[in-house]
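Me: I would like a close look at one part of this model, the surroundings of the ligand. Please go through the contacts, the burial and the elements involved, and then turn to the backbone features elsewhere in the chain.

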Amino acid sequence: LSQRRFEVVISNLADVDQVRRSVRALAVELGMAPYASDELALATTELATNLVRHALRGWMSFGAYESVGRAGMEVQALDEGPGISDLAAALSDGYSTTGSLGSGLPAAQRLVDEFEIASTPAGTRVTVRKWLSARL
Ligand SMILES: Nc1ncnc2c1ncn2[C@@H]1O[C@H](COP(=O)(O)OP(=O)(O)OP(=O)(O)O)[C@@H](O)[C@H]1O
Ligand SMILES: [Mg+2]
């Protein structure tokens with residue numbers, strides 16, 4: 001379980017719901033606290049929803065993650081959509097190009113321990129990580 005990495009295609013809201021549940025279930029199985037697992041699941045929902053809404057479709061991969069004595073979970077969202085022209089704006093509350101709340105990306109960032117985003121006109125990749133608990 002701790003070696004496996006899961007990959008899924010996200011193209012509609014049913015996929016979003018499925019990946020949210022899968023990420024939460026794996027987090028709990030890996031030993032993440034329920035509240036933290038909910039936070040990671042919520043961040044996953046926001047990234048997955050953005051794939052459908054802003055890039056039409058995308059891919060998500062997730063699995064256990066280990067780095068310098070810390071164990072956690074990594075979730076990555078990848079797409080070949082139009083990209084984000086102003087990353088700083090997209091990461092601040094209230095910025096949306098679709099008349100929505102514009103709180104998804106900043107919320108996702110707050111809900112995880114590590115947040116990386118890279119975007120070009122050829123697509124966007126967001127990687128988030130959340131630790132299981134304290135250092136090993
Ligand atoms: N995967 C993506 N591809 C292209 N643009 C994106 C992507 N994700 C986010 N964006 C851009 O960043 C903006 C901010 O994203 P964010 O998720 O914070 O807000 P939102 O999706 O517009 O609204 P919501 O609050 O419902 O999530 C979006 O309006 C969109 O312009
Ligand atoms: Mg969003």
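Reply: What follows starts at the ligand and then moves out to single residues in loops and in a helix.

The model is predicted. The shell around ligand 1 is made up of 20 residues. R53, H54, S96, T97 and S100 are the closest of them. By residue class, the shell holds six nonpolar, eleven polar and three charged residues.

Three side chains can be described through their distances to ligand 1. S96, one of the closest residues, has a polar side-chain atom 2.6 Å from an oxygen atom of the ligand. N50 also faces an oxygen atom of ligand 1, with an N or O atom of its side chain at 2.9 Å. For D79 the partner is a nitrogen atom of ligand 1, and the distance from a polar atom of the D79 side chain is 2.9 Å. Each of these pairs falls inside the 3.5 Å cut-off for a polar contact: S96, N50 and D79.

As for burial, ligand 1 would expose 590 Å² if taken alone, and the protein buries 93% of that area. The space that ligand 1 takes up is the largest pocket. Two elements give two or more residues to the shell, namely α2 (34-55) and α4 (104-111). Of the elements, α2 gives the most, with four residues.

Which parts of the chain lie next in the account? The loop that runs between β3 (70-79) and α3 (87-90) contains G83. G83 has a relative accessible area of 26%, so the residue counts as partly exposed, the class between the 20% and 50% limits. Along the chain G83 is 28 residues from A55, and the C-alpha atoms of the two are separated by 8.0 Å.

Two residues stand out by their backbone angle. Most residues other than glycine have a negative phi. L56 is not a glycine, yet its phi is positive, at about 75 degrees. The residue sits in the loop between α2 and β2 (58-67). Its relative accessible area is 60%, which is over 50%, and therefore L56 is classed as exposed. V68 is the other case: its phi is near 25 degrees, again a positive value in a residue other than glycine. V68 belongs to the loop between β2 and β3. With a relative accessibility of 73%, V68 also passes the 50% limit, so V68 counts as exposed.

Helix α1 (residues 13-30) supplies two further residues to consider, one of them V28. V28 has a relative accessibility of 38% and so counts as partly exposed. Its C-alpha atom is separated by 9.3 Å from that of D38, ten residues apart along the chain. A25 is found in helix α1 as well. At 37% relative accessibility, A25 is partly exposed, because that value lies between the 20% and 50% limits. A25 and A122 are 97 residues apart in sequence, and their C-alpha atoms are 32 Å apart in space.

To return to the part asked about, ligand 1 occupies the largest pocket, and the protein buries 93% of the area it would expose alone. Its polar pairs include the one with S96 at 2.6 Å.

Note on methods: Residues are numbered from 1 along each chain as its sequence is written. Chains are lettered from A and ligands numbered from 1 in the order in which they are written. This is a predicted model: local features need pLDDT of at least 70, side-chain atom pairs count only at pLDDT 80 or more; totals for chains, interfaces and linings use all residues. Side-chain values use heavy atoms; hydrogens and water are left out. A residue is near a molecule or strand if one of its heavy atoms lies within 4 Å of it. A polar contact is a pair of N or O atoms within 3.5 Å; within protein, one must be able to donate a hydrogen and the other to accept it, and residues adjacent in sequence count only if both atoms are side-chain atoms. Accessible areas come from the Shrake-Rupley method with a 1.4 Å probe; for residues, only the protein chains shown count as cover. On a 1 Å grid over the protein atoms alone, a cavity is a set of points where a 1.4 Å probe fits but cannot get out, and a pocket is an open set with protein on both sides within 12 Å along at least five of seven lines; lining residues have an atom within 4 Å of a point. A molecule sits in a cavity or pocket if more than half of its atoms lie within 2 Å of its grid points. Ala, Val, Leu, Ile, Met, Phe, Trp, Tyr, Cys and Pro count as nonpolar, Asp, Glu, Lys and Arg as charged, and the others, Gly among them, as polar. Buried means under 20% relative accessible area, exposed over 50%, partly exposed in between (1.4 Å probe, protein chains only).
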